[in-house]
Amino acid sequence: MQLARVIGEVVATIKDDNLTGIKLMVLQPIAASGDPAGRTLVALDSVGAGVGEHVFFVRGREAAFPFYPAEPPADATVIGIVDRWDLD
């Protein structure tokens, strides 16, 4: 899992039928310090996240798991909204 900040939404009028009803979010991965860490990406949203929220997401095969038994074509999916994180 990785931390990210939601920086936007994607609107697609034509997309794979398995993506119908699923929001697409633009994420900026972040380090534990909150600084940007890597390139932006588009991820499916399984939790109802909004722009400006901090989230955690998964990549790879696990990205389709929250939508079981459907199998949307996904490389990344938001699986949680972060309320806070603490560093020692």
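Student: Leaving aside its neighbours within four places in sequence, which residues is F56 in contact with?

Tutor: Welcome! This is a predicted model, where local features need pLDDT of at least 70, side-chain atom pairs count only at pLDDT 80 or more, and totals for chains, interfaces and linings use all residues. Residues are numbered from 1 along each chain as its sequence is written, and side-chain values use heavy atoms, with hydrogens and water left out. Contact means heavy atoms within 4.5 Å, and beyond those sequence neighbours F56 touches M1, Q2, L3, T77, V78, I79, G80, I81 and V82.

Student: How far apart in space are F56 and G80, C-alpha to C-alpha?

Tutor: Start with where F56 sits: strand β4 (strands are DSSP runs of E with at least two residues, helices runs of H or I with at least four, and both are numbered from the N terminus). F56 and G80 are 24 residues apart in sequence, yet their C-alpha to C-alpha distance is 5.3 Å.

Student: What relative accessibility does F56 have?

Tutor: Buried means under 20% relative accessible area, exposed over 50%, and partly exposed in between, using a 1.4 Å probe and protein chains only. F56 counts as partly exposed because its relative accessibility is 26%.

Student: In what order do the strands of the closed barrel run?

Tutor: Two strands pair if DSSP finds at least two bridges between them. Here β1 and β2 are antiparallel over six bridges, β2 and β3 over five, β4 and β5 over five, while four bridges join the antiparallel β1 and β4. The closed barrel has five strands with mixed pairing, in the order β1-β2-β3-β5-β4.

Student: What does the twist average from one strand to the next?

Tutor: Strand axes are lines fitted to C-alpha atoms (for helices, over the stretch in contact), and angles run from 0 to 180 degrees between N-to-C directions. From one strand to the next, the twist averages 55°.

Student: In β2, which residue is the bridge partner of R5?

Tutor: It helps to look at other pairs too: V6 stands opposite L27 in β2, and K23 opposite D45 in β3. For R5, the bridge partner in β2 is Q28.

Student: Which residue's backbone oxygen lies 2.8 Å from a polar atom of the side chain of Q28?

Tutor: Q28 lies in strand β2, and it counts as buried because its relative accessibility is 13%. Leaving aside neighbours within four places in sequence, Q28 is in contact with residues including A4, R5, P36 and T40. The backbone oxygen 2.8 Å from its side-chain polar atom belongs to G38.

Student: How many of the seven residues of β2 are buried?

Tutor: β2 is largely enclosed by the rest of the structure. The count behind that description, out of the seven residues of β2, is six.

Student: Which residues make up the largest nonpolar core?

Tutor: A nonpolar core is a set of buried Ala, Val, Leu, Ile, Met, Phe, Trp, Tyr and Cys residues joined through side-chain atoms within 4.5 Å. The largest one has 11 residues in all: A4, V6, M25, L27, L41, A43, A49, V55, F57, A76 and V78.

Student: Which elements give two or more residues to this core?

Tutor: One residue of the core is V6, which is in contact with M25, L27, A49 and V55, among others. The elements that each supply two or more core residues are β1 (2-10), β2 (23-29), β3 (41-45), β4 (54-59) and β5 (76-81).

Student: Which peptide bond is cis, with omega near 15°?

Tutor: Most peptide bonds are trans. In the loop between β4 and β5 you will find P69. The cis bond, with omega near 15°, runs from Y68 to P69.

How values were computed:
A polar contact is a pair of N or O atoms within 3.5 Å; within protein, one must be able to donate a hydrogen and the other to accept it, and residues adjacent in sequence count only if both atoms are side-chain atoms.
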